[in-house]
Amino acid sequence: MAEVTAGTSTGDLLARGQALSASGDFAQAINFFEGILRERPSHFLATFERARCHQGLGNWEEAIRGYGEALRLDATELASYVNRGTCRASVADHQGAVEDFERFLEGRPGRADIWTELGDRRLDAGLYARSAEAYERSVTLEPSRSEALAPWIQRAKRLEADRAVGALGEFANACLERGWSKLDAGGPRTAIMWFNRAIDAVPDCGEAWHGRGAARGRLGQMAEANADLEKSVKLSPESAAAWTELGSCRSIQGNLPGALEAVEEAIRRSPDAMRAYLIRGIVRGKLEKWADAESDLSRYVERHAKDAVGWINRGWVRRRGGRPQEAIEDLTRGIELDKSWPLAYYHRGFARRAVGDIALATEDFKKAMSLDSSLKPELLPLVEPAAPTPGPPATASSPPVPVVRSSPPSVPPLGAAATLKPAALRSPAAEWTAKEAVVILFINLALIGLGLLKIPYLSGIPARAVDIPYKAAWIVAHWTDQVAFPHECNLCMEPFCTRTDVTKKYVYGRPHYTSETRWRYCPVHEPGMLRTETRIDGMFMIGYWMLSLLCLAIIVISGTVFAIRLALLPVLGILVISGKLPGPALLPFGAEKEAWLTRFDGVVVVGSFVLGLVMIVMNIVW
């Protein structure tokens, strides 16, 4: 706890508080600002900075009150308006946020970024036409925003038009799109507003009830969420996502049989609904069906190897199922992907105690308590030096890992230039599919093909490749032509050159063509050691020999790895039939993302791509 000593000057307290705030230690910084306000309650800057700290901590109501007090002390400091507007948007008070942003723009109308924020707030407040106007004003001030804001302008205008003409279905669809976008961006309160608009427009829209139920679940309103999701599956019983969300909600409420029924219905509706397997695995874990739970979670991990929640839940299941070492591996992998889960450290700590690694277990328990103070009553006795250190009894309490984490809305930059961009639909992490891998493989083959066509031995098209046979054919055709090529004369052997001041030279040839032939050339057509014309001498041939060897290496390497991949097909087919590998594993990059087969496919594609580029570079150089 930062100590505020009596008698410290206001300037010193302010400087120390601002330094802590700048470093992100908002809780400690508040102490210094409050120390100032105890002596000088009307100190504007301390009031403003304290509000910024509350905003940084996500204490939105305290921040809103603080900015209001700052505005009472000095209404000319417009940063208070924009920061308060950002906080009001975080608690879904979009009408209030609109008023604050408009007050800011009255004083600083040239801020394109704030016009963008105002457009976003008006859109969420249901002021669709005025939202489009704000976005267009932002583009006018800063034309570089045109491309990014064009979809938002069209969306706002579409909402206004659909509402005006009574196109309720189209209006509801637009509201759903925005609702899911806000939920995905961590704004469940705003998402609920959009789903409510969709329900008002089309009351029997199952997806709207599903979305509102999911948003209420993120806020911890589980009874309301359950009611919405029950309504959703009645209206849209074919929606596997709604059944899955209902299963998650029932699981959190403790209705495990009902949760299991819901997720099994989701899997029946859509066998590839991976999140349903995740929820079912957790529900089975809560029911202590460890083998079944691990099977479901393993299926999820195979398809979502970059998602920490799968690894952490499987680690919990393996730890409770009596396999601590494997649990440690899973939990470690989950922590590598996301270090903010306290229960990951919690379970890894108990798994490490089970294998006798008390020191590392203690470190895990300390980390878990630093992330979640509610774990202290259980874990603190285990990390105290005087506390006994035996492993946990078989019936030790081990809370399961929650499926859906509610994250506080991200805090935008604070100060006069605080920004809140229009939320965008979040794209899933980019991963190669089998189709994309095949396209990349064809691109690599095309690169190699371009390299092959550049080598004279293999193409026969470039001028250098036809020089020798052209010369020989010309000599044979004109051998008896006394005008064009007098017999036994010293005529230059360059076609149509009649000079006779020639000398004999040995000329290097191409494959199967030796230097036994003597050619005569005049000084004008005499080849040097390095030429880029139609004739090729010895030094110039070195590059083509290198390309030939490289071409051979590429063909051998690519052919070998391709043959190995084909030879593996029977084995992979057996593994797929037996259920140990998913069906797509037969195709490139169709296996688990971290499996040896995927790494092998990556080496093949990347290797052939690099070799193809090397061939192109060699051709350019030579």
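Mentor: A nonpolar core is a set of buried Ala, Val, Leu, Ile, Met, Phe, Trp, Tyr and Cys residues joined through side-chain atoms within 4.5 Å. Buried means under 20% relative accessible area, exposed means over 50%, and partly exposed lies in between (1.4 Å probe, protein chains only). This is a predicted model, where local features need pLDDT of at least 70 and side-chain atom pairs count only at pLDDT 80 or more, while totals for chains, interfaces and linings use all residues. Residues are numbered from 1 along each chain as its sequence is written, and side-chain values use heavy atoms, with hydrogens and water left out.

Trainee: Which residues have the most contacts inside the largest nonpolar core?

Mentor: In soluble globular proteins, nonpolar side chains tend to be buried together. Here the largest such core holds 43 residues. Contact means heavy atoms within 4.5 Å. Inside this core, the residues with the most contacts are Y346, F365 and L379.

Trainee: What does F365 contact, leaving aside its neighbours within four places in sequence?

Mentor: Find F365 in the core with Y346 and L379. Both of those residues are among its partners. The full list is Y346, G349, F350, R353, L379, L382 and V383.

Trainee: How many residues are in the second, separate core?

Mentor: Look for I153, L183, I192 and A215, which are included in this core. It is separate, and its residue count is 28.

Trainee: How many salt bridges are there?

Mentor: Side chains of opposite charge can pair when their charged atoms come close. A salt bridge is a side-chain nitrogen of Lys or Arg within 4 Å of a carboxyl oxygen of Asp or Glu. By this rule the count is 36.

Trainee: How far apart are the closest N and O atoms of D100 and R84?

Mentor: D100 is in helix α6 (residues 94-107) and R84 is in helix α5 (residues 79-90), 16 residues apart. Helices are DSSP runs (H or I, at least four residues), numbered from the N terminus. D100 counts as buried because its relative accessibility is 2%, and R84 is buried too, at 14%. Their closest N and O atoms are separated by 2.8 Å.

Trainee: Which residue forms salt bridges with R314 and with R318?

Mentor: The closest N and O atoms are 2.7 Å apart for the R314 pair and 3.0 Å apart for the R318 pair. R318 lies in helix α18 and its partner in helix α19, so that pair ties together parts 12 residues apart in sequence. The partner counts as buried because its relative accessibility is 3%. The shared residue is D330.

Trainee: Which residues are joined into one network with R314, R318 and D330?

Mentor: R314 and D330 are both buried. R318 is buried as well, at 11% relative accessible area. Salt bridges that share partners extend the set. The other members are E294, R323 and E326.

Trainee: At what angle do the axes of helices α14 and α16 cross?

Mentor: Axes are lines fitted to C-alpha atoms, for helices over the stretch in contact, with angles from 0 to 180 degrees between N-to-C directions. The axes of α14 (residues 240-253) and α16 (residues 274-286) come within 9 Å. The two helices are roughly parallel because their angle falls under 35 degrees. The crossing angle is roughly 20 degrees.

Trainee: Which residues of α16 make the contact with α14?

Mentor: From α14 come T244, E245, G247, S248, S251 and I252. One of these, E245, is buried, at 10%. On the α16 side, look for R275, A276, I279, V283 and K286.

Trainee: Is L127 buried, partly exposed or exposed?

Mentor: L127 sits in the loop between α7 (112-124) and α8 (128-141). Not counting residues up to four places away in sequence, L127 touches Q95 and R122. Its relative accessibility is 24%, so L127 counts as partly exposed.

Trainee: What phi value does A92 have?

Mentor: A92 lies in the loop between α5 and α6. It is buried, at 19% relative accessible area. A92 is not a glycine, yet its phi is positive, at about 65 degrees.

Trainee: Where is E288 found?

Mentor: E288 also has a positive phi, near 65 degrees, and is a residue other than glycine. Its relative accessible area is 52%, so E288 is exposed. Look in the loop between α16 and α17 (290-303).

Key:
Angles under 35 degrees count as roughly parallel, over 145 as roughly antiparallel, 65 to 115 as roughly perpendicular and the rest as oblique.
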